[in-house]
Each structure stands twice: as structure tokens, then as C-alpha cells.
Amino acid sequence: MPAEHSAMPAEHVDVLVVGAGLAGIGAACRLRQRHPRRTVAVFEARGAIGGTWDQFRYPGVRSDSDMFTLGYGFRPWRRAEAIADGPSIREYIRDTAREFGIDERIRFHHRVDAASWSSDRALWTVTAHRSDTGEQVTLTCSLLYVCSGYYRYDEGYTPQLPGVDRYEGRLVHPQHWPEELEHRGRRVVVIGSGATAVTLVPAMASDAAHVTMLQRSPSYVMALPSVDPLARLLKRVLPDSVTFPVVRWKNALTMGLFFRLSRRAPGLVRQLIERGVRSALPDGFDVDRHFSPEYRPWDQRLCFVPDGDLFRTLRRGDASVVTDTIDTFTPDGIRLTSGAELAADIVVTATGLNLLAIGGIALDVDGEPVDVGKAVTYKGMMLDGVPNFAMTIGYTNASWTLKADLVAEYVCRLLTHLDEHDLDSATPVLPPGDRPAEPLIDLQAGYVLRSIDRMPKQGHAAPWRLHQNYVRDVWHLRHGSVTEDMDFGVAAGRRQSSLSGGGAQR
């Protein structure tokens with residue numbers, strides 16, 4: 001893919017990155033490192049850098065993965081804290097963008113609506129609109145790289161809440177937290193049992209009158225140290241350049257082993273988790289009802305609480321857990337199916353997300369629309385039959401950035417291959433007769449199941465299978481072949497020839 005093209009329109013970039021969050025900034029930095037001569041632009045639909053970590057401003061917002069794996073591999077997380085608060089992560093992303101000059105390449109309030117690939121020109125024509133002015137923006141790019149995550153930023157999920165119109169208190173969703181909301185001395189009910197709920201409860205309980213976590217069913221909750229013991233030890237004697245990769249690999253391997261143990265011996269892992277919960281809560285606490293899910297560990301994401309802060313809050317009596325269903329809202333709170341009533345000045349609906357594949361962008365290849373919900377993913381990062389397109393979908397059983405980093409490295413390797421062979425396009429091609437329908441995201445969480453038909457699929461074997469295995473992906477994405485099941489070509493205007501995977505002509 002040559003860096004220069006003739007007869008370009010006024011607006012062209014070699015790579016367009018969509019999204020200025022954790023993945024998008026990391027991708028742009030990797031591109032600047034490995035391909036400094038290429039032009040790179042970042043389109044961000046919102047008005048700030050940070051993605052999730054700028055969007056979410058609820059009390060106590062923090063990482064649900066350790067920062068040694070959630071941080072970038074090329075820019076170490078330099079603090080000993082393994083679990084960081086949202087503002088610290090946001091600043092880390094912004095500092096990274098400034099350090100690599102990416103902040104100057106971001107166009108805010110640019111929401112990408114559609115992208116159309118032309119095989120004759122080997123180009124994407126991308127259409128976006130400016131959310132601040134309403135202006136339509138069109139440009140071309142040689143490679144489209146979507147790093148917008150997989151949920152809707154403009155809308156969280158709220159289920160049907162019977163009688164909610166009668167409620168006279170304040171109803172809020174964590175995804176759109178009101179800056180002026182005052183919860184000091186108020187009675188708060190947090191509806192939900194996931195990562196957001198277990199974060200909100202101890203954070204709000206410190207100065208609320210009382211906080212109740214109302215859950216329909218429990219989740220697995222584990223305590224982790226907020227400061228990594230190995231990192232604290234190594235930082236005393238070794239530079240960050242040594243400490244960071246050692247701790248990063250230690251944490252990645254530990255989480256991978258724990259996930260595989262959960263798959264092979266779910267009963268044992270359940271016992272270990274519940275033993276930890278019982279030891280952290282007072283005698284007589286109904287752990288079976290409130291912290292013992294019916295599903296197996298890692299059928300849904302586990303919830304991690306730094307230094308067991310949720311358990312400490314429950315032990316002090318500043319918060320409580322109620323496992324029940326909602327009969328109806330009342331003017332003063334919530335009446336449960338059991339007949340009990342929860343008085344509430346504030347109700348927080350920590351009820352999940354709405355998934356949105358590739359940011360809702362409408363794709364077509366030579367005029368043929370791409371049905372993303374039926375497309376099969378190549379190495380978990382490209383789509384069958386879609387040229388010069390990459391997307392970032394992180395791990396569900398480990399830190400998002402571990403996979404995002406590997407995807408960025410693979411994209412850079414692929415661009416290098418195109419350069420070295422004077423090629424313009426790379427298209428993953430699924431082998432004939434293999435059209436699987438397995439979901440890409442292998443979780444049983446409600447937010448996944450609600451939108452599973454709209455998400456891409458995965459195949460039966462590599463490179464079409466997503467293994468959720470960092471060590472395996474390091475080999476396949478960082479060191480493995482870039483030609484396997486891949487068709488390469490050049491724009492019709494240059495020469496009519498193509499190369500297939502493995503270097504043979506097809």
C-alpha cells in the first residue's frame with residue numbers, strides 16, 4: 001500500500017482511526033511508531049479524549065482490570081496501584097496522546113456514519129457528520145481502523161421498570177451521571193449486580209444515609225489488592241522498563257490460568273470464590289442468596305473489588321444487599337415482589353449497556369452492504385470479505401488493552417507487508433463451505449444476549465476462532481503469518497494482479 005496516491009481528493013489519509021478512547025489512542029500511537037511516514041487521523045464522536053474513561057463519571061469509577069495489563073505495552077503504567085480510578089486512567093490516556101503527538105490528529109465531534117470500499121481505487125470513502133455543527137464530512141482512507149468499542153456511548157440499557165412514572169425521587173443511569181447530583185445524606189438504591197454496581201455501592205455509602213444494592217440475581221465478586229505486591233517490591237530496586245513487563249506478564253498469565261481453571265474445574269473455583277466472600281463478611285450473612293450465582297464462573301465477567309471495599313462496607317452496615325425482583329416503583333421508592341419496600345431518594349439503574357457493533361457504521365464493499373451481524377471475524381479483528389478494515393474488540397476474560405495492543409501490532413505488520421510487496425489491499429477470505437454462526441463474544445451476560453444477533457461471528461478454528469487466550473494471541477498476532485487466508489491486491493489503476501495467502505497467485 002504505497003503512502004502516496006495519485007488523483008486523490010482534497011481530503012485523504014492513509015489510516016483513519018475511529019475512536020479516541022483507550023484502544024484508539026493506542027492504535028494511533030503504534031501507527032506513529034511503526035509507520036511514521038503514513039498520515040493518520042482520529043475521528044472521535046464526542047468532544048474529549050478518553051472514551052469510556054471520559055464518558056463514565058459516576059462515584060468511584062475505576063478499572064475492573066489491573067493497570068499493568070490495562071495500560072499500554074509501549075508506555076508503562078508507572079504507579080504501584082493495580083486498580084486505578086477513572087480520572088487517573090483518563091489522564092494516562094491523554095498524556096499518552098500528547099506524548100506521541102496524537103492529540104493534534106484528533107477531530108472531535110466527528111461521528112462516522114458510513115464507509116464504502118472501492119476495489120478499483122483500493123480506497124474507503126468515509127462519511128461522517130459533526131455533532132456540534134451538523135456539517136457532513138467526507139474523506140478517503142486506505143485503511144479503516146475502528147476502535148469504538150462495542151457499546152453505545154449515547155444510550156445505556158434500562159429495562160422496563162413497572163410504575164417508574166410514579167416515582168418522585170431522582171432516577172439516574174451511571175452512563176450519564178449528572179454532575180450536580182448530591183447523594184450526601186440520601187437513601188440510595190442501586191439496581192444491578194455487575195462491575196458498576198459493586199463500584200458505586202462502597203463509593204456512595206461513605207457519605208449517603210444508606211445504600212442498598214438491589215439485584216435480581218447475584219454475581220461472582222472477588223477481592224483483589226489495590227496495590228500490586230510484586231510491583232511495589234520491584235519498583236524499589238528496578239526501573240519501570242523492567243518492572244512493567246514483568247508485572248504485566250505475571251498478571252496476564254495469572255488471569256489466563258484462572259480463566260482456564262474456571263472452565264475445567266468450575267466447582268472448585270466457585271468454592272474458592274465463595275470461601276473468600278464468607279471470610280470477608282460477618283457470620284450469618286446469607287452468602288448463598290446474595291453472592292452465589294447459578295451460572296459457572298466466567299460464564300459472565302467476574303466482579304473485582306479492590307481491597308474488598310464492598311465487603312467492608314457491608315460489614316459496617318453502611319450498605320446492604322437485597323436479592324429480589326421489582327413489583328413496582330412507588331412515589332417514595334420500590335416495592336419488591338416479596339412485599340418489602342425500599343425507600344429511596346435516589347435510584348441508580350446500573351443495569352448494563354447496549355451493544356453496538358463497529359460504532360454503528362454502515363459498511364459496503366463495491367456497493368454491496370456488509371451485514372456485520374453475519375460476518376465472520378478473522379483473528380478477532382477483521383471481517384471476512386472486507387478489505388483494509390480492522391476493529392478492536394478486547395478480551396472478556398482479561399484486560400481490554402492486552403488484545404487492543406496486539407491488534408495494533410498486527411495492523412502495523414500488515415501495512416509493512418503491503419509496503420514491502422507494493423500492494424494496496426488485504427482481504428480476509430473464509431474457506432469455502434465454512435460459515436459458522438457462533439457468537440464472537442462468549443459470555444452469557446444479559447447485555448451480550450440482548451444484542452448477539454447484531455454482533456460478528458467466529459469460526460471453528462484459527463485464524464477464524466477467537467480463543468480469549470493472550471499467550472496464544474501473542475504468537476498469532478505478533479509473530480504469526482499475515483498471509484494466511486488473506487487475498488492481496490492492487491488498485492486497478494496501477495496493475496491488474498493479485499497475490500493470495502502464502503505468496504501464491506490466485
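In this predicted model, the buried residues of helix α8 pack against four elements, namely β11 (221-224), α7 (240-264), α9 (287-290) and α10 (309-316). The helix that makes these contacts comprises residues 266-280, 15 residues in number, and from its first C-alpha to its last it reaches 21 Å, close to the 21 Å expected at 1.5 Å a residue.

The residues of α8 that count as buried, with under 20% relative accessible area, are Pro-266, Val-269, Ile-273, Glu-274, Val-277 and Ala-280. Because these buried residues fall within an arc of 125° when α8 is seen down its axis, they line one face of the helix. The general geometry behind such a pattern is that an α-helix has 3.6 residues a turn, so residues three or four places apart point the same way. On the other side of α8 lie Arg-275 and Ser-279, both of which are exposed.

A separate part of the description concerns a sheet. Three strands, in the order β14-β15-β16, form an open sheet whose pairing is antiparallel. Its edge strands are β14 (326-330) and β16 (341-343), each of which pairs on one side only, and neighbouring strands of this sheet are turned against each other by 20° on average, with direction ignored.

Looking at the pairing of β14 with β15 (residues 333-336), one finds that the two strands run antiparallel and are joined by 4 bridges. Within this part of the model, Phe-329 stands opposite Ile-334 in β15.

Methods:
Residues numbered from 1 in each chain as written. Predicted model: local features only at pLDDT ≥ 70, side-chain atom pairs only at ≥ 80, totals over all residues. Heavy atoms only, no water. Expected span 1.5 Å × (residues − 1). Buried < 20%, exposed > 50% of the residue type's maximum accessible area, 1.4 Å probe, protein only. Arc of directions from axis to C-beta. Contact = heavy atoms within 4.5 Å. Pairing = 2+ DSSP bridges. Axes fitted to C-alpha atoms, helices over the stretch in contact; angles between N-to-C directions.
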